[in-house]
Amino acid sequence: MSEGSKPLIQNTKCECGHQNPPGTVLCEACGKPLTKEAEAQQILEMRYDGVARRSQKANPGFIDKVWNFFSSVKVAIYLILLTLIGSSLGTILPQESTFLNIDPSVYYKEEYGQLGHIYYLLGLSHTYTSWWFVLLLVMIGASLVICSLDRVLPLYKALSRQRIPKHMSFLTRQRVVYQGTVEQDGAEWVERVKPLIKKKGYRVRTDGGTLLAEKQRFSRWGPYVLHIGLIIFLLAVLGRNLPGLHMDEHMAFPEGEPVHIKNTSYYLMNDGFKVEFYTEEDMPNEFKGKGKVLPKKFETEAILYVCESNCNTPGQEPQLKEVTRHNIEVNHPLNYKGLKAYQFDYDLTPILRTVSPMLIDSKTGEQYGKIDLSIKDPVREYKAGDYTLTLTQTFTDFGLGDDGKPVNLSPNPNAPAFLFLIKGPNLPADGIQYFYFPKQVDKERFQQDAINAQLAGGENLVTLDVLSMDDVDFAESTTYLNIRVDKAMPFIWVGAFIGMIGLVMGFYFHHRRIWLRVDDGTLTLGAHTNKNWFGLRREVAAILNQMNIEVDEKSLENNRGSQA
Amino acid sequence: MNLIDFSGDAFVVSFLLYCASFIMYAIAVMGRRFRKREPEAHLAKWGKIAFVTASIGLIGHLLYFFTRWAGSGHVPVSNMYEFMSFLSMAIMIAFLVLYFIYKKSLLGLFALPLVILIMAYAAVFPQEVQPLIPSLQSYWLGIHVTLAALGDAFFAVGFIAGLMHLLRTVNFTATDKGARREQRWLELCMFAIVVLLGFILSVYSFRTAGYEAVFNQTQIDPKTETSKIVKVEYNMPPIVAPYQSETESMQSFLGMKSPLFEAPSWMHGVNAGRKLNTVIWSLVSGIILYGLLRLFIRRPIAKFIQPALNKLNPDDLDEISYRAIAIGFPVFTLGGLIFAMIWAEIAWGRFWGWDPKEVWALITWLFYSVYLHLRLSRGWQGKYSSWLSVIGFIVVMFTLVGVNLIIAGLHSYAGTD
């Protein structure tokens, strides 16, 4: 109400002789209302004790204007409201980030029709990362800093320099007021009441026939402590996205082989994954017999290694050292020095790891020797008896292109295939080309034998074949883990913790002040709190009753200002 | 008798005690003008009896909660039935806290009906114990959900006191534009409460009657352009049939043998048709109920209630409303946001993911922070502040119920469809 309205001529000297800064509503010294608005109030507006804020400068420059803009609580409220509305818009349809692999420019149209497409075009499908939303957060941050600084410093000064005698019009316009007669001399009466007020936990100061009692002033700093916490929190949220502070990867871990975690020296191995489901009898009746399955537990036995040498040398086995093991479950992630691994998904399809086929003479059936072929990391050369097999080409997902030539369809090991150059006795001097498909299904699908016969000039001289299931090694399952590093997290928690302390200070404690003065046998008492007037009235009534002044709690209420 | 059954009985007993307490509050207020009675003494006496009854009801409610916890092996806040039961219990606790600060037992005249409505709403959902899926298997379930609900419960008490403040202060004799608008909005709040009652009554009536209708709905997947048939069961007579559906079976209701119309095409979700049908039934029964009430009391409900509150000081109500919100705000911040973030970090690996429920918890928090700023820095007290507490409660209820029914996401409870 009184904010922003300044009289043209600033005569800021109070009748008590105190020189107040421009914009002061209540005299810093005696509390006398200085502005017209304050003078017209039946009950004084006690916000920030009526001190002038920094933003109420006489001739604002550019920086002052920016400062003034962000120092306004009104602006802060608008910013919060805009953020509120903006965030609610983002919940109308699922955000892009909820899907792992979609093309939003077609997805929203297909799934939600024209309105969905408009939603996408407006940028609402990624509301929370849009420039305007981030800008709102930044502006709220600025407002938090400036609003707080603008008020906390003058308020701190005002509260630490309180004078005890207050102007009559300050006392009688408080919300809790008592006026009556006392028999005694003022100073004596004040000395008598002093210990009674002290007993209620107040710090009491007196000055002749006047008294100031105050308690729990620290609760006034609650909002500012909260704002500091929020600023730290916001900075951490915005700073998270700086490079190097944040990693968020979804990775597949087939059972039994260490997988390198990108951009780190860590390897993680899935040493066994299991999933459990609730049995039919654990299920509630409404699920029974409906073929519903309810998972009970997902668990990855994880071993984390750190690479000590040969880490990035191709063709050399990296030297790994185990650093920790942990059974990763939902709600129980692995956490090693800030590197976290969360259970995310799983796949129970077995994956071929190594095969050990035998090189066989196609005519005689003579077995020359076995090779150990790793599907993922094959080496360049294999020896089988007197024969050498040189790997010339590998395919993870074999297919034939439009021109009939072999192509790799994807990096996923769906249809692995290997092209060897085999040299040795009874073979042409420069060797023969040989295609090997480890999976039986691919062997038939792509007619391995026919291709090889063609490559060798019409006849299969040698064959690579797996003789028993012992020569095949599978990974039983694959677990998908979400690997994360988030170095800003400690700041997020510190911010939240500080904010929480501020909230408790501000909301569960109440700053209470009682002023009183005795002038020629008339006692005038005024009291103020920022919340729980009920409790304050009760306290004041109890104190007065102990001084043999009979008052009802209710009658202390200054009804002249009641708008109800 | 096992613990779960006992717990169910305790739930019913506490529900009945709350109802009895509400009736006694009504007697306390209405009976002041009974023959030869000292109005003040009557109010104090019956107010006390009602309050004691409600407190015993709360003991029953706590028994329900802890025996169900013991019987099921997890904190019973994991589905809609359990959550709503807990919320109503939390509102009782918040009411008690405010009672011990301000000693205004009459707050119960409004707190109890709210508690009763929420409990009845809880019982609409399946009451069986459900085993926990892996993501819920954490002690944070208990800590986060209960504390967030307790914060919301204080907001609910803030709403109750705010609504009472409005009922106490709105001027029903004035005819100027502003006063008219206020009267209308207040009456709309009353109407909304009656519609909620209508919803609960219609669910229970048709459930008792064992009504059932079954539809086969054709659903088309836009990506693959394949269609499948889904069975949709109705427990209320179908005014609206699901979009693109055929009636498999339908009991006739008051001569109605087939659905009156079909849901619009944009409501093609599996349960959208049924939800729309439920909304229509709630509105229909709410309007009938409201009409009957108006016929009976011959004036707007708000105007009818006003005299009951004339002993209460509006400033006290305003302060109770603000105080409840001031107590609830830190509790909600801790339970609904900070603990939620800690759990999300442990379970999902990110402390914040803009899931609709998370966003709406943030919106609730932002809304009440606007409330606090307006009140503390801009001096919005009394009327404005009370209206904000009413709107705030609507935001809270949308976060708790609306998000699950309409938006869902990661926080969807079983049984909400």
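I'll start with chain B. UniProt, in an unreviewed entry, places the feature "domain: Cytochrome c assembly protein" at residues 77-201 and 287-411 of chain B. Keep in mind that what we are looking at is a predicted model. Over residues 77-201 of chain B, the chain is 75% helix and 0% strand, and the end C-alpha atoms lie 24 Å apart.

One helix in chain B allows a simple check. Helix α6 of chain B covers residues 177-209, which is 33 residues, and at 1.5 Å a residue the span should be 48 Å. The end C-alpha atoms of α6 are 47 Å apart, so the model agrees with the expected value. After α6(B) comes B:Gly210, with a positive phi near 70 degrees.

Now chain A. Here the unreviewed UniProt entry gives the feature "transmembrane region" at residues 75-93, 131-153, 221-239 and 491-509. I'll take two of those. Residues 75-93 of chain A are 79% helix and 0% strand, with 29 Å between the end C-alpha atoms. For residues 491-509 of chain A the figures are 95% helix, 0% strand and 27 Å.

Next, the interface. How many residues does each chain bring to the contact? Chain A brings 62 residues and chain B brings 61. Between them the two chains bury about 5400 Å², and 63% of that is on carbon and sulfur atoms. On the chain A side, A:Thr91, A:Asn331 and A:Phe507 supply 12% of the area buried against chain B, more than any other three residues.

What about charges and polar groups? The rule finds three salt bridges across the interface of chain A and chain B. In one salt bridge, the side chain of A:Arg537 meets that of B:Asp316, at 3.4 Å from N to O. There are also 17 residue pairs in polar contact across the interface of chain A and chain B.

Which elements of chain A touch chain B with two or more residues? They are α3, α4, α8, β7, β10, β23, α11 and α12. Of these, α3(A) gives the most, with nine residues. By class, the side of chain A that touches chain B has 32 nonpolar, 12 polar and 18 charged residues.

That is where I'll stop.

Notes
Residues are numbered from 1 along each chain as its sequence is written. Chains are lettered from A and ligands numbered from 1 in the order in which they are written. This is a predicted model: local features need pLDDT of at least 70, side-chain atom pairs count only at pLDDT 80 or more; totals for chains, interfaces and linings use all residues. Side-chain values use heavy atoms; hydrogens and water are left out. Contact means heavy atoms within 4.5 Å. Buried area is the accessible area (1.4 Å probe) that two parts lose on being put together, summed over both. A salt bridge is a side-chain nitrogen of Lys or Arg within 4 Å of a carboxyl oxygen of Asp or Glu. A polar contact is a pair of N or O atoms within 3.5 Å; within protein, one must be able to donate a hydrogen and the other to accept it, and residues adjacent in sequence count only if both atoms are side-chain atoms. Helices (H or I, at least four residues) and strands (E, at least two) are DSSP runs, numbered from the N terminus. Ala, Val, Leu, Ile, Met, Phe, Trp, Tyr, Cys and Pro count as nonpolar, Asp, Glu, Lys and Arg as charged, and the others, Gly among them, as polar. UniProt positions are given in the numbering used here, feature names are shortened, and annotations may be inferred rather than shown by experiment. The expected span of a helix is 1.5 Å times one less than its number of residues.
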